[in-house]
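Hello,

I am passing this structure on to you. Please open it first, then read the notes below with it in view.

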Amino acid sequence: MNDENVKHIIKKRMEKAGKALEKNNMAVYYADTKEDVPAIVKSLLKPGDVIACGGTMTAAQCGVMELIKSSEYGFIDRTAVPPEQIKEVYRKSFCADAYITSANAVTENGELYNVDGNSNRIAAIAYGPDSVIVIAGCNKLVKNLDEAIARVKTIAAPANTKRLDCATYCKEKGECMSFASGDSAEMTAGCESDARICCNYLVSAHQRHKNRIKVILVAESLGY
Ligand code: SF4
């Protein structure tokens, strides 16, 4: 397979999703490589901005954490506090100037799909920070919400439960318990693990606050 041909297809799909996201009042930026991402993020920030982030592998892979931890910004570091203070950090994050996260899936219809356990991440995407910067690798692109749901149940959640060492069915079997049953009515049911990471489900569709959400689409596979 010719890499240039694959890149061409990936870019076409990114453009399709990007146009639909813009139609849904989200600003879109394109990056050929992960190395291009920090400069785009920097262009969306002001010196002195207070920045918070969700637990995002993607931002770390792109080198964005080094940027936002620089003295130019006020970074709310969720990893630097003891567990008893984490709730306070999550609440402070709602008042941040910018919130940086990835998405579990981006549809060609211009929706962002995110699933969360603690749900601090999806809460901040939906409301609070003045600006939300979403960095998504091309592996997050899906056709529609059905594919987004399947993606989380067969890739994102099993990989994240493995990463976080959560005692869940999907960590052991590689797919969600409800997905394995083949019953779409069971989309949210079945898993009663205390370590469940799929507790709340957020679809970001047409936005009332134009360009509050900025999506950086990267033509490389990043995160889960
Ligand atoms: S609901 Fe439970 S089994 Fe299903 S993907 Fe989420 S954590 Fe895994």
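**Strands β5 and β6**

Strands β5 and β6 pair in the antiparallel sense, over two bridges. One pairing to look for is A105, whose bridge partner in β6 is Y113. The two strands form a hairpin with four residues between them. Within this hairpin, G110 takes a positive phi near 85°. Bear in mind throughout that this is a predicted model.

β6 also has a second neighbour. Five bridges join β6 to strand β9, residues 200-204, and the two run antiparallel. Here V115 stands opposite Y201 of β9.

Is β6 enclosed or open? Five of the five residues of β6 are buried, so the strand is largely enclosed by the rest of the structure. Both of its faces are covered. L112, N114 and D116 are buried on one side, and Y113 and V115 are buried on the other.

**The two domains**

The domain assignment splits the chain in two. Domain 1 takes in 3-143 and 200-218, while domain 2 covers 146-186. Their centres, taken over C-alpha atoms, are 22 Å apart.

How many residues are in contact between the domains? Seven residues of domain 1 are in contact with six of domain 2. On the domain 1 side, β5 (105-107) and β6 (112-116) are the elements that give two or more residues. So the hairpin described above comes up again here. By class, that side has four nonpolar residues, two polar and one charged.

**The ligand**

The ligand is surrounded by 14 residues. The closest are A157, C170, C176, C191 and C198. Three helices each supply at least two residues of the shell: α7 (145-163), α8 (169-173) and α9 (177-180). Which helix gives the most? That is α7, with three residues. Sorted by class, the shell has eight nonpolar residues, four polar ones and two charged ones.

**The open sheet**

Now for the sheet. Strands of a sheet pair through backbone hydrogen bonds, either parallel or antiparallel. In this case six strands form an open sheet, and the pairing is parallel. The order is β1-β10-β7-β4-β2-β3. Which strands sit at the edges? They are β1 (27-31) and β3 (74-75), each pairing on one side only.

At the β1 edge, the partner is strand β10, residues 213-218. The two pair in the parallel sense over five bridges. A27, for one, has K214 of β10 as its bridge partner. Helix α1, residues 3-23, packs on the sheet and touches both β1 and β10. The direction of α1 makes about 160° with that of β1.

**One loop residue**

Last, find S71. This residue lies in the loop between α4 (64-68) and β3. Is S71 buried or exposed? S71 is exposed, because just 7 other C-beta atoms lie within 10 Å, and a residue counts as exposed at 12 or fewer. P47 is 24 residues away from S71 along the chain, yet their C-alpha atoms are separated by 9.1 Å.

Over to you.

Conventions. Residues are numbered from 1 along each chain as its sequence is written. This is a predicted model: local features need pLDDT of at least 70, side-chain atom pairs count only at pLDDT 80 or more; totals for chains, interfaces and linings use all residues. A residue is near a molecule or strand if its C-beta atom, placed from the backbone, lies within 6 Å of it. Ala, Val, Leu, Ile, Met, Phe, Trp, Tyr, Cys and Pro count as nonpolar, Asp, Glu, Lys and Arg as charged, and the others, Gly among them, as polar. Domain bounds come from an automatic or database domain assignment. Two residues are in contact if their C-beta atoms, placed from the backbone, lie within 7 Å. A residue is buried if 20 or more other C-beta atoms lie within 10 Å of its own, exposed if 12 or fewer, and partly exposed in between; C-beta atoms are placed from the backbone. Two strands pair if DSSP finds at least two bridges between them. Axes are lines fitted to C-alpha atoms, for helices over the stretch in contact, and angles run from 0 to 180 degrees between N-to-C directions.
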